[in-house]
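Me: Could you take a close look at one part of this model for me, the place where its domains meet? I am in my first year, so please go through it step by step.

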Amino acid sequence: MSVSVRADVLAVLSRLGVDESAFSASGLPARSPVTGEVVATLREDGPAEVEAAIARSVEAFAAWRKIPAPRRGEFVRLIGEELRAHKADLGLLVTLEAGKIVSEGLGEVQEMIDICDYAVGLSRQLFGLTIATERPDHRMMETWHPLGPCGVITAFNFPVAVWSWNAALAFVCGDPVIWKPSEKTPLTALAVQAVVARAAAKFGGVPAGLSQVLIGGRGVGEALVDDHRVPLISATGSTAMGRQVGPRVAARFGRSILELGGNNAAIVAPSADLDIALRGIAFAAMGTAGQRCTTLRRLIVHESVYDTLVPRLKRVYESVRVGDPREAGVLVGPLIDEGALEGMERALAEARAMGGSVTGGGRRDVGGPDACYVAPALVEMPSHAGPVLRETFAPILYVVRYRTIEEAIALNNAVGAGLSSSLFTLDMREAERFVSDEGSDCGIANVNIGPSGAEIGGAFGGEKETGGGREAGSDAWKAYMRRATNTINFGTTLPLAQGVSFDIGA
Ligand code: NAD
């Protein structure tokens, strides 16, 4: 039976402070994957609005960079407070617009709160080095300065957290943000903007263009990508998108942070604690209905434990509850749209044609005719080839066997993407090898946990076709700032570096 969620969406939007002025009779349809229905139609931003937003952002930059960083941190602290106060509603909106189960919707908002906390501390750091100089009576140091307007382009599957990873850092670093959310999740972006507006009102004196949202599709993103007044483009989405965005930003000597697709593996070694492995695999492969960049897509199992682990895993796949993501006990919500379902069906057909044996994977009659619910699929493959080598953004887990750890690591690394990876083992030699120079080639390499569910304290991102970008913790903040090396002569002579002599006789 299909139940409309439109009234729920409008009620939560209103509680979050988004009024109906954002809606219009024609424009971008905002859908809920819970039922597949259009819940609102939004005004789309065109070239004139993009131009105005960039001009406002440039103006905001001139003012915001003068505010001391710890004071900028206070603004981010207030955003974090607002997020705490509205966590339940914003989490619910993530559920309604992106289809995540309630606990994952709330977890996404918690991640926003965590990065705000992190950025507040960072606002009292942003430190450079003092470096030894070869010249007497000189000092050499590194200083970090605000960079300028940051264009943040985000994907549908983390509709709010990815903005916060970027924006919390950008704001404390002294940069304004122009956000182009996914055209599939514009409502959560408007809600976040309302949250930020309340924090700005409490702070007082936030420049008007510091935090902006542009609603629209690829064209709006492209306008940001090509504009030299936007020195940094942080783009999260498919590798196909990154292939377009990366060269275009580079062509104007802009800076980009690319957070692209993943094709993440887990290796289960002979010594693995299979109970832990089972839980880690289930969450990483089926969580968010397989729609995380870090979703586990390839399971590489040692032949000695294959016949113990895989039947247990099959039972989990057969019993997992698929359904309305708001219902207690449901672990797998809907796919985002029909396109995702078609992609999954194509990949499964290809796998079957190659001799793959599929458990699960069928469409489920939940949410009405416009909703796309599927049972997650476990696919035992005769070889590591075909659809196994690419990311299909749906809950498909391919399983292959291995004999030696060298072979397993080679398989882990034998795909284009390089985002996340994990190894389940109790053998410390294997564990250390996996995270060593000769181990996983991914930006994330875990031991005895699955590849998904990162914390914000570490730098997040991946290598190869995942784009090389890093966001969130560690020193990711440096991408949002301009670095200067300053050498200061406090002496009475002018010695040149490298012993160069340049005597002008004066
Ligand atoms: P997508 O590539 O279809 O869209 C992402 C965003 O890019 C959207 O806002 C879209 O409008 C915009 N866009 C597309 N083409 C563009 C162009 N040429 N110029 C400027 N903007 C453009 O991705 P999606 O379907 O929303 O998200 C799923 C993909 O995102 C998966 O591949 C997933 O792995 C990836 N992802 C990666 C990370 C990460 O951190 N590595 C995080 C989340 C999602």
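Reply: A salt bridge, as the term is used here, is a side-chain nitrogen of Lys or Arg within 4 Å of a carboxyl oxygen of Asp or Glu. In this predicted model, the side chains of Glu 104 and Arg 292 form such a pair, with 2.9 Å from N to O, and the count of salt bridges between domain 1 and domain 2 is 2.

To place that pair, it helps to know the bounds of the domains: the domain assignment gives domain 1 as 67-260 + 467-484 and domain 2 as 264-457. Their contact takes 24 residues from domain 1 and 21 residues from domain 2, while the C-alpha centres of domain 1 and domain 2 lie 29 Å apart.

The size of an interface is often given as the accessible area lost when the parts come together. Between domain 1 and domain 2 that buried area is about 1600 Å², and carbon and sulfur atoms give 64% of it. Of the area that domain 1 buries against domain 2, Ile 101, Glu 104 and Phe 156 supply 30%, which is more than any other three residues.

Polar contacts also cross this interface, where 7 residue pairs are found, with both residues of each pair at pLDDT 80 or more. On the side of domain 1 that touches domain 2, helix H4 (87-98) and helix H5 (102-122) each supply at least two residues, and H5 gives the largest share, with 6 residues. Sorted by class, that side of domain 1 has 12 nonpolar, 5 polar and 7 charged residues.

Notes:
Residues are numbered from 1 along each chain as its sequence is written. This is a predicted model: local features need pLDDT of at least 70, side-chain atom pairs count only at pLDDT 80 or more; totals for chains, interfaces and linings use all residues. Side-chain values use heavy atoms; hydrogens and water are left out. Domain bounds come from an automatic or database domain assignment. Contact means heavy atoms within 4.5 Å. Buried area is the accessible area (1.4 Å probe) that two parts lose on being put together, summed over both. A polar contact is a pair of N or O atoms within 3.5 Å; within protein, one must be able to donate a hydrogen and the other to accept it, and residues adjacent in sequence count only if both atoms are side-chain atoms. Helices (H or I, at least four residues) and strands (E, at least two) are DSSP runs, numbered from the N terminus. Ala, Val, Leu, Ile, Met, Phe, Trp, Tyr, Cys and Pro count as nonpolar, Asp, Glu, Lys and Arg as charged, and the others, Gly among them, as polar.
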